[in-house]
Amino acid sequence: MTMNSPYMGDFKVTQTKHAAHDGLDLVGLDHKEIHSTVNGTVERAGWENAANHKQGFGLYVRIKKDGSSDRYYYGHMSEVRVKVGDHVSITDVIGIEGATGNSTGSHCHYCVRGNA
């Protein structure tokens with residue numbers, strides 16, 4: 001299986017999936033722009049919890065992949081550049097890497113969940 005990267009340049013994986021962590025933590029080395037890895041519709045774009053910015057994904061984007069029930073999550077952004085209802089294509093910039101939410105440093109938490 002191949003995977004599109006949320007980064008258009010070099011990046012490193014700083015944490016992988018395990019029982020308490022459902023995705024990959026990625027850090028951009030060339031730049032901090034986060035790109036969509038799928039063609040789909042933006043379902044969430046903003047704070048996971050507007051009342052507590054230190055919780056969970058912080059500023060994040062959730063995209064429902066076209067023709068699938070899979071949702072793609074991009075968490076801990078410093079800036080979101082899409083809005084709910086936008087249709088995005090692979091490589092479109094959706095935000096900027098950051099350290100919002102429950103985060104110990106600047107990165108993108110990237111994960112895929114089936115059936116939301």
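Glu43, Arg62 and Arg71 are linked in a network of salt bridges, a salt bridge being a side-chain nitrogen of Lys or Arg within 4 Å of a carboxyl oxygen of Asp or Glu. The model is predicted, so that local features need pLDDT of at least 70 and side-chain atom pairs count only at pLDDT 80 or more, whereas totals for chains, interfaces and linings use all residues. Residues are numbered from 1 along each chain as its sequence is written, and side-chain values use heavy atoms, with hydrogens and water left out.

In total, the structure holds 5 salt bridges. Within the network, the side chains of Arg62 and Glu43 meet at 2.9 Å, N to O. Arg62 lies in strand β5 and Glu43 in strand β4, so this bridge ties together parts that are 19 residues apart in sequence. The side chain of Arg71 also forms a salt bridge with that of Glu43, at 2.8 Å, N to O. Because Arg71 belongs to strand β6 and Glu43 to strand β4, the second bridge ties together parts 28 residues apart in sequence. Burial was assessed by relative accessible area (buried, under 20%; exposed, over 50%; partly exposed, in between; 1.4 Å probe, protein chains only). Arg62 counts as buried at 17%, and Arg71 is buried at 13%, whereas Glu43 is partly exposed at 22%. Another salt bridge joins the side chains of Asp86 and Lys83 (3.0 Å, N to O); Lys83 has a relative accessibility of 54% and counts as exposed.

The chain contains 0 helices and 10 strands. Both kinds of element are DSSP runs numbered from the N terminus, with helices (H or I) requiring at least four residues and strands (E) at least two. Of the 116 residues of the chain, 41% count as buried. Contact denotes heavy atoms within 4.5 Å. Among contacts between residues at least 6 apart in sequence, 57% join residues at least 24 apart.

Aromatic side chains were examined next. Rings of Phe, Tyr and Trp (its six-membered ring) pair if their centres lie within 6.5 Å, and planes under 30 degrees apart count as stacked, over 60 as edge-to-face and the rest as tilted. The structure holds 5 aromatic pairs. The ring centres of Phe57 and Tyr73 are 5.6 Å apart and the planes stand at 40 degrees, so this pair is tilted. Phe57 is located in the loop between β4 (40–47) and β5 (59–65) and Tyr73 in strand β6 (residues 71–77); the pair thus links distant parts of the chain, 16 residues apart. Tyr73 takes part in a further pair, with Tyr60, that is stacked, at 6.2 Å centre to centre and 5 degrees between the planes. Since Tyr60 lies in strand β5 and Tyr73 in strand β6, the stacked pair ties together parts that are 13 residues apart in sequence. Ring pairs thereby link Phe57, Tyr60 and Tyr73 into a cluster. Phe57 and Tyr73 are both buried, and Tyr60 is buried with a relative accessible area of 4%. Arg113 lies over the face of Tyr73, at 4.6 Å from the ring centre; this assignment requires NZ of Lys or CZ of Arg within 6 Å of the ring centre and within 35 degrees of the ring normal.

Arg113 is also the nearest side chain of opposite charge to Asp25, at 10 Å, and Asp25 is buried yet has no salt bridge. For charge, Lys and Arg count as positive and Asp and Glu as negative, while His and the chain ends are not counted. Asp25 lies in strand β2 (residues 24–28). Its side chain makes polar contacts with the side chains of His107 (3.5 Å) and His109 (3.0 Å). A polar contact is a pair of N or O atoms within 3.5 Å; within protein, one must be able to donate a hydrogen and the other to accept it, and residues adjacent in sequence count only if both atoms are side-chain atoms.

Tyr110 is placed in strand β10 (residues 108–113) and is buried, with a relative accessible area of 5%. The side chain of Tyr110 makes a polar contact with that of Thr37 (2.7 Å). Tyr110 and Asp22 are 88 residues apart in sequence and 8.6 Å apart in space, C-alpha to C-alpha.

Gly9 is situated in the segment before β1 (11–15) and counts as partly exposed at 22% relative accessibility. Leaving aside neighbours within four places in sequence, Gly9 is in contact with Asp30 and His31.
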